[in-house]
Amino acid sequence: MENNTRVAIIAANGGMFDAYKVFNIATAAAASDKEVGIFFTFEGLNLIHKEAYKNLPLPEGKEHFQEGFEKANVPSISELLGMAQEMGVKMIGCQMTMDVMNLEKDNFVDGIEVGGAASFIEFAKDADISLTF
Amino acid sequence: MMEAAKVLDAKGMACPMPVVKTKKAIDEIESGDILEVHATDKGAKSDLAAWAKSGGHELMEEAEEDDVLKFWIKKA
């Protein structure tokens, strides 16, 4: 069943906790037939960087949670990212941040779009749910 | 027990995978068919109910057997 609920997410932080917050909500929303778009900006770009997303840091002093992630059988970030792509989650990398960090579209996982704040606003203007992480 | 067109084993999976896998499984059955889901994630109890509601599917029945949560969902 299709419905037209739209979820707009800003991912502005690049740690492992941040990645879980973003991708859990995004995949759960996509699985519930929502139209989902994520704008990755500043450290948030780590979440879709080809190398960085495989090895995101836990917050300082919270490294012991690694064991908890394994014990709870939490899916890997790779798995969640793959699910998000498969379910058609729109991913926009921030052009300006990429310029600042000297990164190209090729440095990121396949299927992303590159755009500026206006691209995200255009998507988010009709959003029913807007979230920032 | 209800006759399920498909049984999804989501045991051992953590949030959000039970919902993601349920979505995939329900795409593979026909409207009016029943999907049976087995999960051990305690959050699945509220999540699958909410998920079914948002997609217009009907959660026909749920049960708990030996720490396994079972759900029967009728596809809209």
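Modeller: Before anything else, a definition: helices and strands here are DSSP runs, numbered from the N terminus, with at least four residues for a helix and at least two for a strand. Bear in mind too that this is a predicted model.

Colleague: Fine. In what order do the elements of chain A run from the N terminus on?

Modeller: Chain A reads β-α-β-α-α-β-α-β-α-β, which comes to 5 helices and 5 strands.

Colleague: How do I judge the overall form? What does the radius of gyration of chain A say against the globule rule?

Modeller: You set the radius beside what the rule gives for that chain length. For the 133 residues of chain A the rule gives 14 Å and the model has 14 Å, so chain A is as compact as a globular protein of that length. Its C-alpha atoms fill a box of roughly 40 × 40 × 25 Å along the principal axes.

Colleague: And how much of chain A is buried?

Modeller: Buried residues make up 44% of chain A. Looking at contacts with a separation of 6 or more, 79% join residues 24 or more positions apart. As for the outside, chain A exposes about 6,900 Å², with carbon and sulfur atoms supplying 50% of that.

Colleague: How are the charges of chain A spread?

Modeller: Count each sign, then compare the centres of the two sets. Chain A has 10 positive and 20 negative side chains, and the two centres lie 3 Å apart.

Colleague: On to chain B. Which elements does chain B have, and in what order?

Modeller: Chain B has 2 helices and 4 strands, running β-α-β-α-β-β from the N terminus on. With 76 residues, a compact globule would have a radius of gyration near 11 Å, and the 11 Å of chain B agrees. The box for its C-alpha atoms is roughly 30 × 25 × 20 Å, and 43% of its residues count as buried.

Colleague: What about the contacts and charges of chain B?

Modeller: In chain B, residues 24 or more positions apart account for 65% of the contacts with a separation of 6 or more. It carries 11 positive and 16 negative side chains, the centres of the two sets being 5 Å apart.

Colleague: Now the interior. Which residues touch the most other members of the largest nonpolar core?

Modeller: For a core, look for the members with the most partners. This one has 52 residues, and A:Phe23, A:Ile38, A:Phe40 and A:Ile48 touch the most other members. Helix α1 of chain A, residues 16-31, gives the most to this core, with 9 residues. There is also a second, separate core of 7 residues, including A:Ala8, A:Cys94, A:Phe120 and A:Ala124.

Colleague: What does A:Phe40 touch?

Modeller: Leaving out residues up to four places away in sequence, its contacts include A:Ala11, A:Phe23, A:Leu45, A:Ile48, A:Met91 and A:Cys94.

Colleague: Is helix α1 of chain B largely enclosed or open?

Modeller: For a helix, count its buried residues, then ask what covers them. In α1 of chain B (residues 17-27), 8 of the 11 residues are buried, so the helix is largely enclosed by the rest of the structure. Among the buried ones are B:Met17, B:Val20, B:Lys23 and B:Ile26. The cover includes α1 and α3 of chain A, together with β1, β2, α2 and β4 of chain B.

Colleague: One last residue: where does A:Ser119 lie, and is A:Ser119 buried or partly exposed?

Modeller: A:Ser119 lies in helix α5 of chain A, residues 117-124. The partly exposed class runs between 20% and 50% relative accessible area; A:Ser119 has 35%, so it is partly exposed. Its C-alpha atom is 17 Å from that of A:Gly88, 31 residues away along the chain.

Notes. Residues are numbered from 1 along each chain as its sequence is written. Chains are lettered from A and ligands numbered from 1 in the order in which they are written. This is a predicted model: local features need pLDDT of at least 70, side-chain atom pairs count only at pLDDT 80 or more; totals for chains, interfaces and linings use all residues. Side-chain values use heavy atoms; hydrogens and water are left out. A nonpolar core is a set of buried Ala, Val, Leu, Ile, Met, Phe, Trp, Tyr and Cys residues joined through side-chain atoms within 4.5 Å. Buried means under 20% relative accessible area, exposed over 50%, partly exposed in between (1.4 Å probe, protein chains only). Contact means heavy atoms within 4.5 Å. The radius of gyration is taken over C-alpha atoms; the globule rule is 2.2 Å times the number of residues to the power 0.38. Lys and Arg count as positive and Asp and Glu as negative; His and the chain ends are not counted. The place of a charge is taken as NZ of Lys, CZ of Arg, CG of Asp or CD of Glu. Accessible areas come from the Shrake-Rupley method with a 1.4 Å probe; for residues, only the protein chains shown count as cover.
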